[in-house]
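Please read the following with the model open beside the text. The paragraphs go from one helix end to its packing partners, and then to the core and the chain as a whole.

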Amino acid sequence: MEKVHAKESSPPDGGYGWVVVVSAFMVMGLTAAVLKTFGLFFVEIQEHFDELASTISWITSVTIATFHLGAPVASALCVKYSHRAVLVTGGLLAFSGMNTSSDSNWHYLYWCFSGLGISFSWTPAISIVSHYFSKKRALANAIASAGECAFAFTFGPFFQWLIGQYGWKGALLIIGGIQLNICVCGVLMRPLKSNCCLEAKKSSTTHKTFNWMLVRRPEFVLYAMFGILAAMSFFVPPLFLVPLSYSLGIDESWTASLLSILAMVDFAGRLLCGWYANLHVTKTIHLLTMTITLISTSLMLLPLANNYLSLAIFTGFYGFFFGTTVAVHITVLADVVGMSDFDSALGLFMLIRSTGGFLGPPLAGLIVDMAGDYKAGFYMAGATLVLAAVFLVILDQFQQRSERGSQTNTKPEKSTLPYPSLHFLKLQNRSYQEHDVVV
């Protein structure tokens, strides 16, 4: 079993792994970026079904919920079958969801807007990258996650053009067809083959398709608490950035450019942080703590903006540090639980984190209503991230204490003889003397 563990802990760190990274880059763009740009369809769908904005807004909320709730199922299926099989299934579900959404009433939109397809695509894509890389894991994850930014930057104007040419229903049909490329990416996700690993699966270690006992590990619980608090704040800034700019009297055309700035600096932050983490100069958990602290600082400063230039600068800072956080937070999860439990941990982490995504926007909206100012939402998000950073610090201290304890337990036991080396020399000398007598 120890031999198997050594084999599993030594992934290729290159070679075909880069094909997997490019495929994951495409999957991120075809899932998360599509979800990010759904706002372009909001008014069109609202007018078509003649529903309240609050009713239509549940489409995005339920899609995000389905995305998170489906992650543990996707992780379990990855362990039982393969990442490739789950990814291809995810592509088919995403295509079906888009087609169903374009030809149904709004009740079905709640459940069919590709949430499960996104979950079954995103989860195995980000998971298999971590299996293919160890030393370069942070860089590989950063490149893969950057697909979300790259595609979001181009999907905005493209989707707007599709709506103008074919209407929102026709646009969803075309987008569903484009998402079929997820299946192609899934086929390229070649499983890591190892005889040792196959023998291990037949043994007692992998008969469980999902390890729920992770919730009993303190280090995972601490990281899950960080995930909840981070999700509470991450969904808030994009929600209130445009309304804040309008309240400052900024023209709509300039406001749209803020979203482009956000996407570009997010992309740069992911790649730069992934490259830096690959140098192994700083522990990934220390790097994540630093980026979370910088995000909270930028969110606290953003409400101080009083014109377009200052708002663009603070938005740029927020987007850049958000990108650096996304680049390393999955890598930290792998470091916390180890690769043997990573698939289960990723699904469980996403499931637990969903509570933060649900609570954050409504809580921020309540605070904004009470304060009568959109700036209050940014203060709330910044304060929540400060608390998230505290959990990272506690986790780091816990890990350091555990490492010191394991080092102490692995020290060799001291011999009961006061002078073992002298005793050995005496025995050796006696044997020589006996040998001389015999001769």
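G372 follows directly after helix α16 and has a positive phi of about 70°. The model is a predicted one, and the helix that ends here is a useful place to start. Helix α16 covers residues 342-371. Its 30 residues should span 44 Å at 1.5 Å a residue, and the end C-alpha atoms lie 42 Å apart, so the span agrees with what is expected.

L346 belongs to α16. Is L346 buried or exposed? Its relative accessible area is 0%, and because buried means under 20%, L346 counts as buried. Leaving out residues up to four places away in sequence, L346 touches S75, W122, T123, I126, S127, I330 and L333. A74 is 272 residues from L346 in sequence, yet the two C-alpha atoms are 9.8 Å apart.

A second view of α16 comes from H68, a residue of helix α4 (residues 53-80). H68 has a relative accessibility of 3% and is therefore buried. With neighbours within four places in sequence set aside, H68 is in contact with M350, L351, R353 and S354.

Next comes the packing of α16 against another helix. Two packed helices are described by the angle between their axes and the distance between the axes. For helix α11 (residues 218-234) and helix α16, the axes come within 6 Å and cross at roughly 35°. The crossing of α11 past α16 is right-handed. On the α11 side, the contact is made by F220, Y223, A224, G227, I228, A231 and M232. On the α16 side, the contributing residues are A345, L348, F349, I352, R353, T355, G356, G357, L359, G360 and L363. By type, the residues of this contact divide into twelve nonpolar, five polar and one charged. An α-helix has 3.6 residues a turn, so residues three or four places apart point the same way.

Y223, one of the α11 residues in that contact, also leads into the core. What does Y223 touch, not counting residues up to four places away in sequence? The list is L288, H329, V332, L333, F349, L392 and L395. The largest nonpolar core has 104 residues, and those with the most contacts inside it are F41, Y223, F226 and L333. Helix α15 (residues 308-337) gives the most to this core, with 15 residues.

L288, among the residues that Y223 touches, is a buried residue of α14. Helix α14 (residues 284-301) has 18 residues, and the distance from its first C-alpha to its last is 26 Å, close to the 26 Å expected at 1.5 Å a residue. Besides L288, the buried residues of α14 include T284, I285, L287, T289, T291, I292 and I295. S296, S298 and L299 are buried as well.

Between α14 and α15 there is a loop, and N306 is located in it. N306 has a relative accessible area of 56%, which means that it is exposed. Its C-alpha atom is separated by 9.8 Å from that of S247, with the two positions 59 residues apart along the chain counted as their distance apart.

Now the chain as a whole. The chain has 18 helices and zero strands. Of its 439 residues, 49% are buried. Among the contacts in the chain with a separation of 6 or more, 86% are between residues 24 or more positions apart.

Conventions:
Residues are numbered from 1 along each chain as its sequence is written. This is a predicted model: local features need pLDDT of at least 70, side-chain atom pairs count only at pLDDT 80 or more; totals for chains, interfaces and linings use all residues. Side-chain values use heavy atoms; hydrogens and water are left out. A nonpolar core is a set of buried Ala, Val, Leu, Ile, Met, Phe, Trp, Tyr and Cys residues joined through side-chain atoms within 4.5 Å. Buried means under 20% relative accessible area, exposed over 50%, partly exposed in between (1.4 Å probe, protein chains only). Helices (H or I, at least four residues) and strands (E, at least two) are DSSP runs, numbered from the N terminus. Contact means heavy atoms within 4.5 Å. The expected span of a helix is 1.5 Å times one less than its number of residues. Axes are lines fitted to C-alpha atoms, for helices over the stretch in contact, and angles run from 0 to 180 degrees between N-to-C directions. A crossing is left-handed if the near helix is turned anticlockwise from the far one by less than a right angle, and right-handed if clockwise. Ala, Val, Leu, Ile, Met, Phe, Trp, Tyr, Cys and Pro count as nonpolar, Asp, Glu, Lys and Arg as charged, and the others, Gly among them, as polar.
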